[in-house]
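Reader: Please take one helix packing in this predicted model and go through it closely. After that, set it beside the other packings and contacts of the chain.

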Amino acid sequence: MSQLSLPLARYPGAREDRFLIGESNADAVRMLERWATWPVMAGIITGPRKSGRSTLARTMATRSGGTMIDDADRQDETALFHAWNTAQAEHKPLFLVADHVPPAWSVRLPDLRSRLGASVVARIGAPDDALAHDIFALLLERHELVATPDLVAWVIRRIERTHLAILRAAEALEEDASRRGNRRLSIPTARATLTQAALLREAADPS
């Protein structure tokens, strides 16, 4: 498993943001890292929410000297049109984060529609097994929770394989640990917490 570090200024003591790379997002990362070879200086990053797509876009914009626009499919189309043209004129990449790409992303301005159609598309998929495991472990670490590898694997086998479900499971365990005043997790407490939060896909066996 590899990762990208976010090269932005952080306040003292802040944890480093990391974008973990696995089979489900490696192609997207490779495509974005080769921005200098793109036919146009614009790329659309699409994928599930909470998949780290905005972090990835921000990282690539910082590394390349380009710019990024989050939730691009909700922004003013005229502003997007000018941003796209500016990226070409300055030869600096523009990274657009969106839920969809055209034609699913309905664009009214014909000139913008054609420009977006010429843009590179980097797609992030649902996390594979290894990536789901590492994302969950990283979230527990950020919450300063103590968990064994067995517990991490136990949870990942029993929750929905989506970025959002992984995030919500970590948040539910953090809230419960804070309430109990104990940052050390166990499978019985995790089972109870995730059952109450309706995050388990199926009734967990006692093992």
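Author:
**The contact of α3 with α4**

The axes of α3 and helix α4 (residues 110-118) come within 10 Å, and they cross at roughly 50 degrees. An angle of that size makes α3 oblique to α4. The crossing in which α3 passes α4 is left-handed. On the side of α3 the contact is made by Glu77, Leu80, Phe81, Trp84 and Asn85, and on the side of α4 by Asp111, Leu112, Arg115 and Leu116. Sorted by character, the residues of this contact are five nonpolar, one polar and three charged.

Leucine 80 is a residue of this contact that can be followed further. Its place is in helix α3, which spans residues 77-90. Leucine 80 has a relative accessible area of 4% and is therefore buried, the cut-off being under 20%. Leaving aside residues up to four places away in sequence, leucine 80 touches Ile69, Ala72, Gln75, Leu96, Trp105 and Leu112. One of these, Leu112, is also among the α4 residues that make the helix contact. Another residue of α4 in that contact is Leu116. The C-alpha atoms of leucine 80 and leucine 116 are separated by 9.6 Å, and the two residues are 36 residues apart along the chain.

**The chain around it**

The chain has eight helices and six strands. Read from the N terminus on, these elements run β-β-α-β-α-β-α-β-α-β-α-α-α-α. Of the 207 residues, 42% count as buried. Among contacts in the chain with a separation of 6 or more, 75% come from residues 24 or more positions apart.

**Packing of α5, α7 and α8**

Helix α7 (residues 163-180) packs with helix α5 (residues 129-142) at an angle of about 30 degrees, and the axes of the two helices are 9 Å apart. The angle makes α5 roughly parallel to α7. Their crossing is right-handed. From α5, the residues Ala132, Ile135, Phe136, Leu139 and Leu140 meet His163, Ile166, Leu167, Ala169, Ala170 and Leu173 of α7. The contact of α5 with α7 comprises ten nonpolar residues, one polar residue and no charged residue.

Helix α7 also has a contact with α8. The axes of α7 and helix α8 (residues 187-196) come within 10 Å and cross at roughly 115 degrees. That makes α7 roughly perpendicular to α8. Here α7 passes α8 in a right-handed crossing. The residues of α7 that take part are Ala169, Ala172, Leu173, Asp176 and Arg180, and they meet Thr189, Ala190, Thr193 and Leu194 of α8. This contact of α7 with α8 divides into five nonpolar, two polar and two charged residues. Ala169 and Leu173 of α7 appear in the contact with α5 and again in the contact with α8.

**Helix α6**

Helix α6 covers residues 149-158, and its buried residues are Leu151, Val152, Trp154, Val155, Ile156 and Arg158. What these buried residues of α6 pack against is α5, α7 and α8. Alanine 153 is found in α6 as well. With a relative accessible area of 23%, alanine 153 is partly exposed. The C-alpha atoms of alanine 153 and aspartate 129 are separated by 9.6 Å, with their positions 24 residues apart along the chain.

**An aromatic pair**

A search of the whole structure finds one aromatic pair. The ring centres of tryptophan 38 and phenylalanine 95 are 5.7 Å apart and the ring planes stand at 75 degrees, so the pair is edge-to-face. Tryptophan 38 lies in the loop between α1 (26-33) and β3 (42-46), while phenylalanine 95 lies in strand β5 (residues 94-98), so the pair ties together parts that are 57 residues apart in sequence. Tryptophan 38 and phenylalanine 95 are both buried. Strand β5 (residues 94-98) also leads back to the helix described at the start, as Leu96 is among the residues that leucine 80 touches.

Definitions and conventions. Residues are numbered from 1 along each chain as its sequence is written. This is a predicted model: local features need pLDDT of at least 70, side-chain atom pairs count only at pLDDT 80 or more; totals for chains, interfaces and linings use all residues. Side-chain values use heavy atoms; hydrogens and water are left out. Rings of Phe, Tyr and Trp (its six-membered ring) pair if their centres lie within 6.5 Å; planes under 30 degrees apart count as stacked, over 60 as edge-to-face and the rest as tilted. Helices (H or I, at least four residues) and strands (E, at least two) are DSSP runs, numbered from the N terminus. Buried means under 20% relative accessible area, exposed over 50%, partly exposed in between (1.4 Å probe, protein chains only). Axes are lines fitted to C-alpha atoms, for helices over the stretch in contact, and angles run from 0 to 180 degrees between N-to-C directions. Angles under 35 degrees count as roughly parallel, over 145 as roughly antiparallel, 65 to 115 as roughly perpendicular and the rest as oblique. A crossing is left-handed if the near helix is turned anticlockwise from the far one by less than a right angle, and right-handed if clockwise. Contact means heavy atoms within 4.5 Å. Ala, Val, Leu, Ile, Met, Phe, Trp, Tyr, Cys and Pro count as nonpolar, Asp, Glu, Lys and Arg as charged, and the others, Gly among them, as polar.
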